[in-house]
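Trainee: I should like to examine how the descriptive terms applied to a structure are justified. May we go through them one at a time?

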Amino acid sequence: MSTPLADTTNPDLGLLYAVNGLAKRSPEWLDHLVSWIGEYGILIGLALLGLAGWLQARRRPDAPVAVAGLLWAPLSVAVAELANLPIAAIVNRPRPFVDHPGLDVLVEGKAGTHSFVSDHSTMSMGIAVALFLVNRRLGWIAGGLALLQGFCRMYMGVHYPTDVIGGFALATAVVLLLAPIAMAVLVPLCHALSRTAVAPLIRAPQSGPRGGRRRGGGRGAVRADEQPPESDLAA
């Protein structure tokens, strides 16, 4: 049985038909490409952005804090996906093609699963928001990929626009609201790990002479092994 969220009078449906209609007018190779991007490609791209963020975070003066922020990205996605389980069960919204067989569905295996909220949109925006807290440049790129993810899910005919928006909202809320608690745990953990054998995972090895004073020493000289005070998450 369809829910009120799937009511045909909802303008949400009109936008879905407009986006999915592009698939009907596009060549088959483009449909296959968008399907792969929307199902796997964007998530792979976000993982690569996370890897780039980690490589940069290790070289920052506040490396343990930055790496802790990056660890929060996959953890926040896991929390958001767990939060989505009861939401999806309560809303119980079927996939759009169940109530609207005129849609062009580009991916199989979605029948019998919940439509609200979009898992792919939740994962993409969760990574984007968490990454933005650590590295704004990479965060903006990830945000663009998250928006593209939402478009692809509608193009593929497997989600309503409100499924996508719901996923974005859920991910953003989880990342931002729980970040203080998560960082209170992850920052001390990363500090502790930086003093163990896995320290290279937290802080990049320092090159150059150890100890001593920098050239031009004096009252204002700074020792080479001193680290600047740590900053907040955002770069």
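The following exchange sets values from this predicted model against the cut-offs behind the terms.

Trainee: What makes up the secondary structure of the protein, in helices and strands?

Mentor: The protein contains 8 helices and 0 strands. Its pattern along the sequence accordingly reads α-α-α-α-α-α-α-α.

Trainee: Why are α2 and α6 called roughly antiparallel?

Mentor: Helix α2 (residues 28-57) packs against helix α6 (residues 136-155) at an angle of about 160°, and their axes are 9 Å apart. Angles over 145 degrees count as roughly antiparallel. The pair is therefore roughly antiparallel. The crossing of α2 past α6 is left-handed. By class, this contact comprises 15 nonpolar, 5 polar and 3 charged residues.

Trainee: How do you know which term applies to α5 and α6?

Mentor: The same reasoning serves. Helix α5 (residues 119-134) and α6 pack at an angle of about 170°, with axes 7 Å apart. The cut-off is again over 145 degrees, and α5 and α6 are therefore roughly antiparallel to each other.

Trainee: Which residues of α5 and α6 meet?

Mentor: On the α5 side they include His120, Ser124, Met125, Ala128, Leu131 and Phe132. On the α6 side, Leu138, Trp140, Ala142, Ala146, Gln149 and Arg153 are among them. Counted by class, the contact of α5 with α6 has 9 nonpolar, 7 polar and 2 charged residues. Glycine counts as polar in this scheme, and Gly139, Gly143 and Gly150 of α6 are among the contacting residues.

Trainee: Why is glycine 166 called buried?

Mentor: Its relative accessible area is 15%, and buried means under 20%. Glycine 166 is therefore buried. This residue lies in helix α7 (residues 161-193).

Trainee: What does glycine 166 touch, leaving aside residues up to four places away in sequence?

Mentor: Glycine 166 touches Phe116 and Val117. The C-alpha atom of glycine 166 is also separated by 10.0 Å from that of asparagine 84, although their positions lie 82 residues apart along the chain as a sequence separation.

Trainee: What is the form of the peptide bond from phenylalanine 116 to valine 117?

Mentor: That bond is cis, with omega near -5°. Valine 117 belongs to the loop between α4 (96-99) and α5.

Trainee: What makes the phi of asparagine 92 worth noting?

Mentor: Asparagine 92 has a positive phi of about 50° although it is not a glycine. The residue is in the loop between α3 (63-91) and α4.

Trainee: Why does asparagine 92 count as partly exposed?

Mentor: Its relative accessibility is 41%. Buried requires under 20% and exposed over 50%, with partly exposed in between. Asparagine 92 therefore counts as partly exposed.

Trainee: How do you know whether alanine 89 is exposed or partly exposed?

Mentor: Alanine 89, in helix α3, has a relative accessibility of 49%. Exposed means over 50%, so alanine 89 counts as partly exposed. Its C-alpha atom is separated by 7.7 Å from that of histidine 114, 25 residues apart along the chain.

Trainee: What can be said of the protein as a whole regarding burial and exposed area?

Mentor: Of its 235 residues, 44% count as buried. The protein exposes about 12,600 Å², and carbon and sulfur atoms supply 67% of that area. Among contacts between residues at least 6 apart in sequence, 81% join residues at least 24 apart.

Methods:
Residues numbered from 1 in each chain as written. Predicted model: local features only at pLDDT ≥ 70, side-chain atom pairs only at ≥ 80, totals over all residues. Heavy atoms only, no water. Axes fitted to C-alpha atoms, helices over the stretch in contact; angles between N-to-C directions. Helix = DSSP H or I, 4+ residues; strand = E, 2+ residues; numbered from the N terminus. Parallel < 35°, antiparallel > 145°, perpendicular 65-115°, else oblique. Left-handed = near helix turned anticlockwise from the far one by under 90°. Contact = heavy atoms within 4.5 Å. Buried < 20%, exposed > 50% of the residue type's maximum accessible area, 1.4 Å probe, protein only. Areas by Shrake-Rupley, 256 points an atom, 1.4 Å probe, with all protein chains shown as cover.
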